[in-house]
Amino acid sequence: MTNDKKELIAYLRSPAAIRERCGQLFALVTEGKSRYFTCDLTQLTKVADYVIEVMRCEYPDLEIPFHSRWRHFEVGGVPRLAQLDSQLAGLTPLEKAAAKFDLAIVSVLLDAGAGNNWHYNEQETGLNLVRSEGLAVASFQMFCQGTFSSNNLPQVDAQKLQAFTETELTTGFQVNTENPLVGISGRLRLLQKLGQVLVSSPYLFGDDKPRPGNLINYLLGKSQNGQLAAATVFSAVLEGLSEIWPSRLEVAGENLGDVWQHPAVADDGLVPFHKLSQWLTYSLLEPLQELGLVITGLDALTGLPEYRNGGLCIDLGLINPKHPDVLRSPHSVASEVIVEWRALTVILLDKIAATVREKLGMSPEELPLVKILQGGTWTAGRKIAAELRIAGTSPIQIDSDGTVF
């Protein structure tokens, strides 16, 4: 591979590239040159007020945790994380953190949109859960039961993932003809590919019995004076997991992952988002903190361009479709409509966050973007969707393969 190609791949895997390329599409829209959207920045104050209202309702003291997979495991007020800790009680702190990495990585990879017709019935509590929380609890229970392990322990290993079957996945997620889950085959392929990648990258995932949790050893080696940059975790996630995504765009045979094309973007037309990889990065920070590491540079990462954050912007009038077809018919993830919508979402989340902080008199250190997402925009997006549409569906419909949203 030439140095130019290496540099391009490294650039497309950086948060800076996400903001720069999304910024080009934001400029296209604000200059009135988009075929699909306009942007009304006069609505920014209204959106920030709505987000603050939701934040104060959810977290009255504004002590907001990170937006991560760990929040979903707490749904219904059930102490599942205490259950997990008791199950891991005999392990060293490092072994516990590795197990939590295992869980977070597999659960996030299985977190793409479930569709409107799927639910999960948790036998232990009788709770009937849908969407992200349902997927989270289903994967949590599978993990605790040893479903992802070749020796039935609460951990994940390459051997088991490579041999994982569709029957195991459909059983774990309680899928049947009356309870369909979007993208089952895509989710299965992700797990199997993850198993292959674990074996092919021993420096990240270990030589002996490779597992996702061994990534924690690699990251500890990257820490300095008890500190670790969030962007370092993100870089490791992209380096280690880029090959698991379905074949999309490539540079010199290297799979780019959640990167798409738009003709209005300069040079190569490529627009990176890395939504699931950033969501996963946010979800790995807490086990690292439990080991005593201080995470720095949280706001280097971007907001997550998915349908809750993007839906908030549409439902409150920050983003406005130019014609009804944008909202009427489903679009592929690769379409210009979805690429523009996601790009606008990235830039507008930064602007919403800045406005929220200004109104609350808080600094980025006190209220980083990852907390505003949790408090926050994602929750507000779900709330306004539920008020406006049956089942709280997204304002724009996406044809998903179970590996992006």
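Over residues 89-121 the chain is 52% helix and 6% strand, with the end C-alpha atoms 27 Å apart, helices (H or I, at least four residues) and strands (E, at least two) being DSSP runs numbered from the N terminus. An unreviewed UniProt entry lists this segment as "repeat: ANK"; UniProt positions follow the numbering used here, feature names are shortened, and annotations may be inferred rather than shown by experiment. The model is predicted, so that local features need pLDDT of at least 70 and side-chain atom pairs count only at pLDDT 80 or more, whereas totals for chains, interfaces and linings use all residues. Residues are numbered from 1 along each chain as its sequence is written, and side-chain values use heavy atoms, with hydrogens and water left out.

Helix 15 (residues 307-315) is largely enclosed by the rest of the structure, because 9 of its 9 residues are buried, where buried denotes under 20% relative accessible area, exposed over 50%, and partly exposed in between (1.4 Å probe, protein chains only). The buried residues of helix 15, among them Tyr307, Arg308 and Cys313, pack against helix 3 (44-58), helix 7 (131-144), strand 10 (319-321), helix 17, helix 18 (369-388) and strand 12 (398-399), contact meaning heavy atoms within 4.5 Å. At the N-terminal end of helix 15, Glu306 acts as a cap, with a side-chain oxygen 3.1 Å from the backbone nitrogen of Arg308, and the helix is followed by Gly317, whose phi is positive, near 85°. Helix 14 (residues 275-290) is likewise mostly covered, with 14 of its 16 residues buried, and is followed by Gly292, whose positive phi is near 100°.

In the largest nonpolar core, which comprises 128 residues, Phe37, Phe148 and Val356 touch the most other members; such a core is a set of buried Ala, Val, Leu, Ile, Met, Phe, Trp, Tyr and Cys residues joined through side-chain atoms within 4.5 Å. Helix 17 (residues 336-360) contributes the largest share of this core, 14 residues. Apart from this core lies another, of 7 residues, including Leu8, Leu12, Leu256 and Val259.

With a disulfide defined as a pair of cysteine sulfur atoms within 2.5 Å, the count comes to 0. The sulfur of Cys22 is 12 Å from the closest cysteine sulfur, that of Cys313, and is therefore too far away for a bond. Cys22 is buried, at a relative accessible area of 0%, whereas Cys57 counts as exposed at 60% relative accessibility.

Conventions: A polar contact is a pair of N or O atoms within 3.5 Å; within protein, one must be able to donate a hydrogen and the other to accept it, and residues adjacent in sequence count only if both atoms are side-chain atoms.
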